[in-house]
Amino acid sequence: MSSIDRIEKLIALSGSANEHEARSAAYLACKMIREGGYRVVASAPDPWAAHFAASAWTDAPAPAGRPRARRPAPDNRPRRRVPCEIGSAKRSGLCAVCGEEFEEGSDVAFPILASDGNLGAVHADCRARWSVPEDP
């Protein structure tokens with residue numbers, strides 16, 4: 001993750017309802033901007049926006065005769081928790097539960113059972129929610 005991405009996330013987090021979290025995020029964002037020698041400027045308007053405003057790239061409404069696509073039914077199969085152990089990530093990757101990134105060296109949970117070996121890894125905090133459908 002680049003410094004700019006991290007600064008953008010901290011700025012977004014500074015709008016948190018939790019006052020302490022918001023204050024800490026704003027402080028860290030300012031600190032990273034100052035230490036990195038970055039300048040904060042207003043974003044320029046997109047010069048191509050006017051050209052593509054009424055083009056074929058916009059979303060067209062669905063035809064009146066066709067029903068909209070439905071969401072798949074929720075998975076109501078019985079589920080089991082994945083037994084796991086906490087370790088250090090050997091490389092960065094995506095959490096199998098929440099889908100967010102974890103970095104190399106961070107605490108992650110790995111499955112213990114060989115049959116669960118292809119499930120990947122999850123954040124240590126996400127391990128309580130890690131479940132898979134039971135085998136029939």
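**Entry 1: R6 and its partner**

I began with R6, which counts as partly exposed at 34% relative accessibility. The model is a predicted one, and I read every value below in that light. I looked for what the side chain of R6 pairs with, and found a salt bridge to the side chain of E103 at 3.0 Å, N to O. The two residues lie in distant parts of the chain, 97 residues apart. R6 belongs to helix α1 (residues 3-13), while E103 sits in the loop between β4 (101-102) and β5 (107-111). I then checked the cover on E103: its relative accessible area is 44%, so E103 is partly exposed. I noted the general point that side chains of opposite charge can pair when their charged atoms come close.

**Entry 2: the chain as a whole**

I stepped back to the overall layout. The chain has two helices and seven strands. Their order from the N terminus is α-α-β-β-β-β-β-β-β. I looked up the burial and found that 16% of the 136 residues count as buried. The exposed area of the chain is about 11300 Å², and carbon and sulfur atoms supply 54% of it. For contacts with a separation of 6 or more, I found that 45% come from residues 24 or more positions apart.

**Entry 3: the remaining charged pairs I looked at**

How many salt bridges does the structure hold? I counted five. The pair of E103 and R6 is one I had already logged. Next I turned to D75, which forms a salt bridge with R77, with the closest N and O atoms 2.9 Å apart. The side chain of D75 also meets that of R79 in a salt bridge, at 3.4 Å, N to O. Shared partners thus join D75, R77 and R79 into one network. D75 has a relative accessible area of 41% and is partly exposed. R79 is partly exposed as well, with a relative accessible area of 40%.

**Entry 4: helix α2**

I took α2 next, which covers residues 19-36 and has 18 residues. From first C-alpha to last, α2 reaches 26 Å, close to the 26 Å expected at 1.5 Å a residue. Which residues of α2 are buried? I found A22, A25, A29 and I33. Seen down the axis of α2, these buried residues fall within an arc of 65°, so they line one face of the helix. The general reason I wrote down is that an α-helix has 3.6 residues a turn, so residues three or four places apart point the same way. I then asked what the buried residues of α2 pack against. They pack against α1, the helix that holds R6. On the face turned away from the buried side, α2 carries the exposed residues E19, H20, Y27, R34 and E35.

**Entry 5: the nonpolar core**

I looked up the largest nonpolar core and found seven residues in it: V82, C95, A109, V122, C126, W130 and V132. The general note here is that nonpolar side chains tend to be buried together in soluble globular proteins. I followed V122 outward, setting aside residues up to four places away in sequence. V122 touches C95, A96, V97, V108, A109, R127 and W130.

V97 was the next stop, in the loop between β3 (93-94) and β4. At 27% relative accessibility, V97 counts as partly exposed. Leaving aside neighbours within four places in sequence, V97 is in contact with V122, C126, R129 and W130. I also logged the separation of V97 and A128, which are 31 residues apart in sequence and 9.8 Å apart in space, C-alpha to C-alpha.

**Entry 6: two buried polar positions**

I looked up H123, placed in strand β6. Is H123 buried or exposed? H123 is buried, as its relative accessible area of 17% is under the 20% cut-off. Beyond its neighbours within four places in sequence, H123 is in contact with C95, C98, E100, E101, F102, D107, V108 and A109. C95 and A109 are among the residues of the core in the previous entry.

D116 came last, in the loop between β5 and β6 (122-123). The relative accessible area of D116 is 3%, so D116 is buried. Leaving aside neighbours within four places in sequence, I found D116 in contact with R80, V82, P83 and P111. One of these contacts, V82, is a residue of the largest nonpolar core.

Terms used
Residues numbered from 1 in each chain as written. Predicted model: local features only at pLDDT ≥ 70, side-chain atom pairs only at ≥ 80, totals over all residues. Heavy atoms only, no water. Core = buried A, V, L, I, M, F, W, Y, C linked by side-chain atoms within 4.5 Å. Buried < 20%, exposed > 50% of the residue type's maximum accessible area, 1.4 Å probe, protein only. Contact = heavy atoms within 4.5 Å. Helix = DSSP H or I, 4+ residues; strand = E, 2+ residues; numbered from the N terminus. Areas by Shrake-Rupley, 256 points an atom, 1.4 Å probe, with all protein chains shown as cover. Salt bridge = Lys/Arg side-chain N within 4 Å of Asp/Glu carboxyl O. Expected span 1.5 Å × (residues − 1). Arc of directions from axis to C-beta.
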